[in-house]
Amino acid sequence: MAIVEKVIEASPEQVWAVLADGWTYSDWVVGTAHVRDVDDAWPRVGSQLHHKAGPWPLSLHDSSTVLTCEPPRRLVIRAGLWPAGEAVVVFTLEAAGAGATRVRLGEDFAAGPLRWVRNKLNDLVLHQRNKETLTRLADIAMRQKGDA
């Protein structure tokens with residue numbers, strides 16, 4: 001599993017608030033072009049958000065499903081991107097001092113062609129994408145911290 005981490009200058013509850021708002025995913029998840037719909041129950045286990053990923057005209061429509069939800073510590077999502085496959089994405093949050101959160105993002109291909117073509121180049125690209133994802137998540141969480 002490819003894991004990246006970042007300390008965000010916002011509390012675990014503030015970071016969790018961004019994770020719990022499915023409508024923001026296209027703002028911070030690199031590769032998600034548009035969120036089409038979010039279940040009212042998001043992020044409860046079994047709930048889904050429906051997204052479009054990739055550049056037009058090659059964008060794919062799929063859904064991501066919550067597998068584990070432990071606010072404000074852990075969120076596990078099965079992210080669909082068929083026909084390319086699906087990945088399991090794990091967010092782990094822990095306090096890192098006063099008003100800061102260490103966020104770990106782990107991602108592993110779980111099914112489909114993406115799982116079969118795994119190599120060092122793919123791992124490097126995934127690592128860089130997830131570093132940028134955490135940078136964007138931090139920007140939103142810290143901006144919302146200022147609004148509080």
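Which side chain is joined to that of Asn130 by a polar contact of 3.0 Å? In this predicted model, the partner is Glu107, whose side chain makes the 3.0 Å polar contact with the side chain of Asn130. Glu107 also has a polar contact with the side chain of Arg129, this one at 2.6 Å. Glu107 sits in strand 7, and with a relative accessible area of 7% it counts as buried, because the cut-off for that label is under 20%.

The surroundings of Glu107 take in several stretches of the chain. Leaving aside residues up to four places away in sequence, Glu107 touches Met1 and Ala2, then Ala87, Val88 and Val89, and finally Leu126, Arg129 and Asn130. So much for the neighbours of this acid; the pocket comes next.

Glu107 and Arg129 turn up again in the largest pocket, where they join Val30, Gly31 and Leu81 as the lining residues nearest its centre. This pocket has a volume of about 720 Å³, and 34 residues line it. Helix 2, strand 3 (48-53), strand 4 (60-70), strand 5, strand 6, strand 7 and helix 4 each give two or more residues to that lining. Helix 4 makes the largest contribution, with six residues. Sorted by class, the lining comes out as 21 nonpolar, 10 polar and three charged residues.

Helix 4 is a big player in the largest nonpolar core as well: it supplies five residues there, the largest share. That core has 27 residues in total, and the ones with the most contacts inside it are Leu19, Tyr25, Trp28, Phe91 and Leu137. Besides helix 4 (120-147), the elements that supply at least two residues each are strand 1 (2-8), helix 1 (12-19), helix 2 (25-28), strand 2 (32-38), strand 5 (74-80), strand 6 (86-95) and strand 7 (101-111). Leu137 shows how these pieces meet: not counting residues up to four places away in sequence, Leu137 touches Ile8, Val15, Val18, Leu19, Trp28 and Val103. Two of those partners, Leu19 and Trp28, are themselves among the core residues with the most contacts.

Trp28 has a polar side to its story too. The side chain of Thr24 makes a polar contact of 3.1 Å with the side chain of Trp28. Thr24 is found in the loop between helix 1 and helix 2, yet it is buried, with a relative accessible area of 9%.

Terms used: Residues numbered from 1 in each chain as written. Predicted model: local features only at pLDDT ≥ 70, side-chain atom pairs only at ≥ 80, totals over all residues. Heavy atoms only, no water. Core = buried A, V, L, I, M, F, W, Y, C linked by side-chain atoms within 4.5 Å. Buried < 20%, exposed > 50% of the residue type's maximum accessible area, 1.4 Å probe, protein only. Helix = DSSP H or I, 4+ residues; strand = E, 2+ residues; numbered from the N terminus. Contact = heavy atoms within 4.5 Å. Polar contact = N/O pair within 3.5 Å; in protein donor to acceptor, adjacent residues only side chain to side chain. 1 Å grid on protein atoms, 1.4 Å probe; cavity = no way out; pocket = protein on both sides within 12 Å on 5 of 7 lines; lining within 4 Å. Points joined across faces, edges and corners; volume = space filled by probe spheres on them. Nonpolar A, V, L, I, M, F, W, Y, C, P; charged D, E, K, R; others polar.
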